[in-house]
Every structure is written in C-alpha cells, then in structure tokens.
Amino acid sequence: MAQIELKDVSLSYFTLKQETEALREINLSIKAGEFISIVGPSGCGKSTLLSLISGMLKPTKGEVLIDGHEVSGTSPKVGYMLQHDHLFEWRDVLSNLLVGAEIRRMDKKAARQNAIELLERYGLGEFAQHSPSQLSGGMRQRVALIRTLVAKPDILLLDEPFSALDYQTRLMLSEEVFHIIKDQGKTAILVTHDLSEAISMADRVMVMSKRPSTISTVHSIRFDEGDDLSPWKKREAGRYNYYFNAIWKELGDHVLP
Ligand code: ADP
Ligand code: MG
C-alpha cells in the first residue's frame with residue numbers, strides 16, 4: 001500500500017483580490033522508504049505540495065492520504081526540514097533538539113536519551129552543550145535534521161534544505177543527510193533547485209510544470225552500477241549525465257518562454 005497518496009489534488013490560494021491556482025489535479029503515490037525529489041520552476045507550487053502532505057494546508061479539491069487515512073491537520077508522522085534551521089541561539093544544541101518534544105509533551109527522559117544517541121550516532125555528540133552559533137552551517141543543518149528525527153516521524157519533507165549553504169558544504173551535507181535518512185529508514189521528499197542533488201539522492205525525480213502546476217513527468221533513477229550507490233557515486237555513474245540532460249531540457253521547456 002502507498003504510504004502517501006494524492007488523488008486529483010488541486011489547490012488555489014484565495015485573497016480578497018484574486019485566486020491563485022497553484023496546483024491542478026496532482027496524482028501521486030509514494031511507498032514507505034522511497035526517496036522522491038521534486039524540481040520545477042520557481043513559484044510553481046513545490047512548497048505548497050509539501051504543505052498539503054504535512055496537513056498545514058487542505059486541498060481545494062481532491063484528497064491527501066497518509067497510510068490510507070485522509071490528512072486532517074498536522075501529524076507527528078510528518079517532519080519538516082527547511083532552508084533556515086530555526087535553531088534558538090539562547091538554547092544549547094541538546095535543548096534545541098528537545099523543543100518539539102516539549103511542545104508535543106513527549107516523555108522528557110526518553111526524548112533526551114534519544115536526542116543524545118542521535119547526536120552521537122551522527123558525529124555531533126561532543127557539541128551537545130554548544131550554542132548553535134558555535135557550529136558551522138552544515139553542522140547546524142544536521143542538528144536541524146536530528147531535531148526533526150527526535151519527534152520520530154515516518155516521513156521527512158525537505159524544502160530546499162541546503163540552499164543557504166556554499167557548494168562544498170552542500171555536497172558534503174547532502175551526502176550525510178542521505179545516509180542518515182537511509183539509516184533511519186524514513187520516507188523523504190526533497191524539493192531542490194539543484195538538479196544534480198535531485199538525481200543523486202532520489203529513487204524518483206518528479207518534474208513540475210509552470211503554474212497551475214501539475215506533475216509533468218516522473219523519472220525513475222536507476223543505475224547499472226547498483227541501486228544502493230551513495231549520492232557521490234551516483235554522480236559518477238554511467239547514466240547520470242543521461243538523466244541530467246533529459247531533466248534539464250524538460251525544465252528548460254517549462255521555464256523558457
Ligand atoms: P514554490 O515553492 O514552487 O516556489 P510555492 O508553493 O511557494 O512555490 O507557491 C506557489 C504559488 O502560490 C506562487 O505563485 C505563490 O505566489 C502562491 N502562494 C504561495 N503561498 C501563498 C499564500 N499564502 N497566499 C497566496 N498565494 C500564495
Ligand atoms: Mg518553495
């Protein structure tokens with residue numbers, strides 16, 4: 001059974017002056033443990049799509065289902081990682097990790113123990129008592145991901161999580177985040193402007209058209225070298241350039257007049 005399902009989902013934003021039709025009749029089915037990347041022109045509705053899956057927005061038409069149940073409001077099953085880490089500077093790393101657990105009134109001791117284990121597992125154990133300002137941009141984003149994991153979501157929504165970082169850091173971090181997500185067995189949906197990131201991380205890349213946006217094509221990313229290559233290795237794999245050129249051309253068709 002699909003873990004995430006969108007059936008004929010449309011979404012319009014209404015303001016006093018106008019209606020903006022962001023998404024039109026989106027159909028989408030994602031299995032548990034899949035990694036999906038979404039690419040498409042600016043303003044086409046990628047963030048809107050994630051908001052629908054997270055339950056922050058309700059579709060104007062159609063249905064969003066998670067584990068076969070219609071989404072009604074936000075759920076602890078779904079975690080978010082954004083471009084800005086939103087860490088609180090006045091709290092140390094460990095206490096930043098516990099913010100969500102406090103809000104959700106989860107068991108404090110268990111959440112703390114889990115947070116410490118995650119920090120250690122992913123190489124940040126010695127930074128538990130540091131303040132966020134003492135960390136590099138890449139480390140801060142890893143802390144932001146771990147903060148999301150402390151809430152034990154099944155699904156991770158990543159909305160351009162590496163966009164604010166320099167190229168080297170993004171390359172390294174995308175590699176680390178990929179391994180953390182696989183290690184934790186989560187389903188992930190990544191929105192990114194970076195096509196090589198999209199291809200090297202995902203099982204499938206979805207291309208969205210201009211607004212009112214729909215999913216124009218879905219590319220299954222398979223390499224002869226094997227299915228469990230790291231993003232780094234995928235960038236060197238034989239078919240990588242084929243995927244890159246095909247999707248690049250398609251994106252151009254959506255963006256160029
Ligand atoms: P993307 O993430 O692909 O850049 P968004 O999902 O943020 O696109 O936005 C899709 C469209 O919906 C854009 O035209 C944007 O201006 C519009 N939009 C987004 N949020 C709102 C809102 N709260 N009210 C009105 N229009 C909005
Ligand atoms: Mg966006």
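This passage describes the overall fold, the ligand site and selected residues of a predicted model.

The protein chain contains nine helices and 10 strands. Its radius of gyration is 19 Å, close to the 18 Å that the globule rule gives for 257 residues, so the protein chain is as compact as a globular protein of that length. The C-alpha trace extends over about 50 × 45 × 35 Å along its principal axes. Of the 257 residues in the protein chain, 51% are buried. The area exposed by the protein chain comes to about 12,900 Å², of which 51% is supplied by carbon and sulfur atoms. With respect to contacts between residues at least 6 apart in sequence, 70% join residues that are at least 24 apart.

The surroundings of ligand 1 were examined next. Ligand 1 is surrounded by Tyr13, the run Ser42, Gly43, Cys44, Gly45, Lys46, Ser47 and Thr48, and Arg211. By class, this shell holds two nonpolar, five polar and two charged residues. Helix 1 (residues 46-54) provides the largest share of the shell, namely three residues. Backbone atoms of the protein approach oxygen atoms of ligand 1 in several places. A polar backbone atom of Gly43 lies 2.8 Å from an oxygen atom of ligand 1, and for a polar backbone atom of Gly45 the corresponding distance to an oxygen atom of the ligand is 2.9 Å. At Lys46, a backbone N or O atom is found 2.8 Å from an oxygen atom of ligand 1. On its own, ligand 1 has 560 Å² of accessible area, and the protein covers 62% of this area.

Arg211, one of the residues that surround ligand 1, also takes part in a notable backbone feature. The peptide bond that leads from Arg211 to Pro212 is cis, with omega near -10 degrees. Pro212 is located in the loop that joins strand 9 (204-208) and strand 10 (215-220).

Ser37 belongs to strand 3 (residues 35-39). With a relative accessible area of 0%, Ser37 falls under the 20% limit and is therefore buried. A polar atom of the Ser37 side chain lies 3.0 Å from the backbone oxygen of Ala198. Residues up to four places away in sequence being left aside, Ser37 touches Leu190, Ala198, Ala202, Arg204, Val205 and Met206. Ala198 thus appears both in the polar pair with the Ser37 side chain and in the list of residues that Ser37 touches.

Two residues that are not glycine have a positive phi: Arg105, at about 55 degrees, and Glu160, at about 45 degrees. Arg105 is placed in the loop between helix 3 (99-103) and helix 4 (108-121). The relative accessible area of Arg105 is 76%, over the 50% limit, so Arg105 is exposed. Glu160 occupies the loop between strand 7 (155-159) and helix 6 (167-184). For Glu160 the relative accessible area is 15%, which is under 20%, so Glu160 is classed as buried. Both positive phi values therefore occur in loops, with Arg105 exposed and Glu160 buried.

Key. Residues are numbered from 1 along each chain as its sequence is written. Chains are lettered from A and ligands numbered from 1 in the order in which they are written. This is a predicted model: local features need pLDDT of at least 70, side-chain atom pairs count only at pLDDT 80 or more; totals for chains, interfaces and linings use all residues. Side-chain values use heavy atoms; hydrogens and water are left out. A residue is near a molecule or strand if one of its heavy atoms lies within 4 Å of it. A polar contact is a pair of N or O atoms within 3.5 Å; within protein, one must be able to donate a hydrogen and the other to accept it, and residues adjacent in sequence count only if both atoms are side-chain atoms. Accessible areas come from the Shrake-Rupley method with a 1.4 Å probe; for residues, only the protein chains shown count as cover. Helices (H or I, at least four residues) and strands (E, at least two) are DSSP runs, numbered from the N terminus. Ala, Val, Leu, Ile, Met, Phe, Trp, Tyr, Cys and Pro count as nonpolar, Asp, Glu, Lys and Arg as charged, and the others, Gly among them, as polar. The radius of gyration is taken over C-alpha atoms; the globule rule is 2.2 Å times the number of residues to the power 0.38. Buried means under 20% relative accessible area, exposed over 50%, partly exposed in between (1.4 Å probe, protein chains only). Contact means heavy atoms within 4.5 Å.
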